Amino acid sequence: MTNAPEALVIGDLSVGYPGRPVVEGFSLAPIAPGSVTAIVGPNAAGKSTLLRGLAGLLPVTGSIRIGLVELAGAVRRERARYVGFMPQSLPADARLNVLEAVIAALAVSAFDGSARSRVETRRQAMAVLERLSIGELALEPLDALSGGQRQLVSLAQAIIREPVILLLDEPTSALDLRHQVQVMRIVRDLADGGVIVVAVLHDLALAARWADRVAVLGRGALVAEGAPQAVLTPRLLADVYGIVARVEPCSAGTLQIIVDGLDEDRSARQWPT
Ligand SMILES: Nc1ncnc2c1ncn2[C@@H]1O[C@H](COP(=O)(O)OP(=O)(O)OP(=O)(O)O)[C@@H](O)[C@H]1O
C-alpha cells in the first residue's frame, strides 16, 4: 500500500530577525500536494522572511508540518529530506562552475547515505541543466553568468533534490518573458507530479496564471488567501498595494491587471514599522 500524499500545514508561524519580528501568527489552509501557492504582497511585507523561515534559514515559532513530521526546528538533514529552497539571489562562488554548483546542491540532500557514483551524479545534474535549457553553461564559472542565468542555476540547485516541498523566492524576477514561461511551466509540471510548490511572486499576472492559490501578505500578516480570481480584486489591490487597478479576465482564462494609478490617500504609509 502506498502512503497518501501529505499536505503542508503552516500554523501560527512567526519569524523575524533578532529584536525584529516580521511575520507574526501566519497560518494557511493546508497546502495540498500537486498545488502551486503564490505568496504575493508589497515590498517589505515579509514574503522572503516567511519563505526563509519555512526553509529553516531563520528561527521560527509555530508549526510547519508535513503529515506527521514537524519541520519547525528540525535539524538540517531532516529538513533537507523534504524542502528545496531557491533564494532570491544565487551566491556567486567563484571557485565553482555551474555543474559543480548543482552537484554540490545534490550532496546536501544525500541524507540517506546512498552512494551515488560520480558518473550518475553528473548525469543527473546535466539532466536538470538540460531541462532548464542551460546545459551549455555547465562549465561556466558562476561569477561569469548573467542575472537570469544565475537564477536558472539557482532553480536547478533547488529542483535537483527532488523535494517534496519546493520554496521559490521570486523565481522569475531576472528572466525574460520566454524564460518566465519556461520556468513557470517547469514549476507547474513539478506540482502536477505531486510536489508542493510555494513561490513568492511579484508579478500578479504570473501568479494568476500559474498558481492554484494566492496568499496575500501585508505588513507581516495574511490579508487574504484563495483562488487568484477570488482574491485579486481591485479592492484588495487598493487596500494592500495602494493602487487603482482594473482586473479583467483575459483570453487564456487568467487575469489581466491594469494599473491606472496610485491611490494617493495611501502614499503616506508605505513601509511597515
Ligand atoms: N537581515 C535582516 N535583518 C533585519 N531586518 C530585515 C532583514 N532582512 C529583511 N529585514 C526586514 O524585514 C522586513 C521584511 O523584509 P522581506 O525581505 O521579508 O520583505 P519582502 O516582502 O520579501 O520584500 P520585497 O518584495 O521588497 O523583496 C523589511 O522591513 C526588512 O527591512
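Strand β9 (residues 213-218) pairs with β10 in the antiparallel sense, over five bridges, and within this pair A215 stands opposite E225 of β10. The model is a predicted one, and the points below take up its sheet, helix α4 and the surroundings of the ligand.

**The six-stranded sheet**
- β9 and β10 belong to an open sheet of six strands, which has mixed pairing and the order β6-β7-β8-β3-β9-β10.
- The edges are formed by β6 (83-86) and β10 (221-226), each of which has a single partner strand, so that one side of each is left without a neighbour in the sheet.
- On average, and with direction ignored, neighbouring strands of this sheet are turned by 15° against each other.

**Helix α4**
- Helix α4 (residues 118-131) has 14 residues and reaches 20 Å from its first C-alpha to its last, close to the 20 Å expected at 1.5 Å a residue.
- A125, V128 and L129 are the buried residues of α4, and they lie on the same side of the helix because they cover an arc of only 100° around its axis.
- The other side of α4 carries the exposed residues V119, E120, R123 and A127.
- After α4 comes S133, which has a positive phi, near 60°.

**The shell around the ligand**
- Twelve residues surround the ligand, and Y17, N43, K47, S48 and T49 come nearest.
- At least two residues of this shell are supplied by each of β2 (20-26) and α1 (47-54), with α1 giving the most, namely three residues.
- By character, the shell divides into five nonpolar, five polar and two charged residues.

How values were computed:
Residues numbered from 1 in each chain as written. Predicted model: local features only at pLDDT ≥ 70, side-chain atom pairs only at ≥ 80, totals over all residues. Near = placed C-beta within 6 Å. Helix = DSSP H or I, 4+ residues; strand = E, 2+ residues; numbered from the N terminus. Nonpolar A, V, L, I, M, F, W, Y, C, P; charged D, E, K, R; others polar. Expected span 1.5 Å × (residues − 1). Buried ≥ 20, exposed ≤ 12 C-beta atoms within 10 Å, placed from the backbone. Arc of directions from axis to C-beta. Pairing = 2+ DSSP bridges. Axes fitted to C-alpha atoms, helices over the stretch in contact; angles between N-to-C directions.
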